Amino acid sequence: MTLLQKVALQKAISQIGVEEIPRGSNAGPAVEKYLKSVGLGKGYSWCMAFIYWATKEASIEVGVLNPLSKTGGVLDMYNKCKTLRVTTPQPGDIFIMDYGKGMGHTGIVEKVVGTTLHTIEGNTNDEGSREGFEVCRRKRQTKTIKGY
């Protein structure tokens with residue numbers, strides 16, 4: 001894990017418990033801060049914006065350029081950042097899920113235990129929705145992941 005990944009993971013962890021206000025709105029002070037980081041206003045899905053925001057904040061803190069593309073689109077990010085891809089997930093890596101028809105979900109890996117990823121995700125909930133209402137810890141199976 002690079003210093004940037006470590007700090008980005010810490011930034012993501014610091015947001016656990018942040019919720020949309022009101023629930024189901026894709027809005028609220030923190031959510032709108034994440035969306036603004038990629039040039040979007042309230043009302044948009046925000047899982048990728050959350051990861052971009054955490055990485056942007058970490059980049060500023062460690063004094064390097066943010067390696068991610070400025071986009072709120074999960075699959076757009078995956079397609080634009082081909083040089084950042086890895087095959088074996090490690091803490092600090094970003095995972096990408098593809099639900100088809102242009103819909104995806106993302107988060108950051110906190111730890112890997114066998115084939116289970118322990119993650120920090122935005123715009124999810126305890127049921128694992130890709131359209132949830134909070135930042136929380138989740139568990140994902142590696143077989144459900146498109147890439148890292």
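Author: Contact, here, means heavy atoms within 4.5 Å of each other. You're looking at a predicted model, where local features need pLDDT of at least 70, side-chain atom pairs count only at pLDDT 80 or more, and totals for chains, interfaces and linings use all residues. Residues are numbered from 1 along each chain as its sequence is written, and side-chain values use heavy atoms, leaving out hydrogens and water.

Reader: In what order do the helices and strands of the chain run from the N terminus on?
Author: Helices (H or I, at least four residues) and strands (E, at least two) are DSSP runs, numbered from the N terminus. There are 4 helices and 4 strands in the chain. Starting at the N terminus, the order is α-α-α-α-β-β-β-β.

Reader: What percentage of the chain's residues are buried?
Author: Buried is under 20% relative accessible area, exposed is over 50%, and partly exposed is in between (1.4 Å probe, protein chains only). The C-alpha trace spans about 35 × 35 × 30 Å along its principal axes. Of the 148 residues in the chain, the buried share is 49%.

Reader: Which elements are among those covering the buried residues of H1?
Author: Helix H1 takes in residues 3–13, and its buried residues are Leu4, Gln5, Val7, Ala8, Leu9 and Ala12. The cover over those residues includes a helix and three strands: H3 (47–62), E2 (103–113), E3 and E4.

Reader: Which element gives the largest share of the largest nonpolar core?
Author: A nonpolar core is a set of buried Ala, Val, Leu, Ile, Met, Phe, Trp, Tyr and Cys residues joined through side-chain atoms within 4.5 Å. The largest one has 32 residues, and Tyr34, Trp46, Phe50, Ile51, Ile108, Ile120 and Val135 touch the most other members. Two or more residues each come from H1, H2 (29–37), H3, H4 (74–80) and E1 (94–100). The largest share is 9 residues, and the element giving it is H3.

Reader: Which residues does isoleucine 120 contact, leaving aside neighbours within four places in sequence?
Author: Isoleucine 120 is one of the core members that touch the most others. With those sequence neighbours set aside, its contacts are Leu9, Ala12, Ile13, Ile16, Phe50, Ile51, Gly107, Ile108, Glu110, Val135, Cys136 and Arg137.

Reader: Is asparagine 125 buried or exposed?
Author: Asparagine 125 sits in the loop between E3 (116–124) and E4 (134–141). Not counting residues up to four places away in sequence, asparagine 125 touches Gly132, Phe133, Glu134, Cys136 and Arg138. Its relative accessibility is 9%, so asparagine 125 counts as buried.

Reader: How far from the side chain of asparagine 125 is the backbone nitrogen of serine 129?
Author: A polar contact is a pair of N or O atoms within 3.5 Å; within protein, one must be able to donate a hydrogen and the other to accept it, and residues adjacent in sequence count only if both atoms are side-chain atoms. The backbone nitrogen of glutamate 127 lies 3.1 Å from a polar atom of that side chain. For the backbone nitrogen of serine 129, the distance to a polar atom there is 3.3 Å.

Reader: What is the bridge partner of aspartate 98 in E2?
Author: Strands pair if DSSP finds at least two bridges between them, and E1 and E2 pair in the antiparallel sense over 6. They form a hairpin with 2 residues in between, and lysine 101 in the turn has a positive phi of about 55°. The E2 partner of aspartate 98 is glycine 104.

Reader: How does tyrosine 44 count, given its relative accessibility?
Author: Tyrosine 44 is in the loop between H2 and H3. Leaving aside neighbours within four places in sequence, tyrosine 44 contacts Asn26 and Leu35. With 46% relative accessibility, tyrosine 44 counts as partly exposed.
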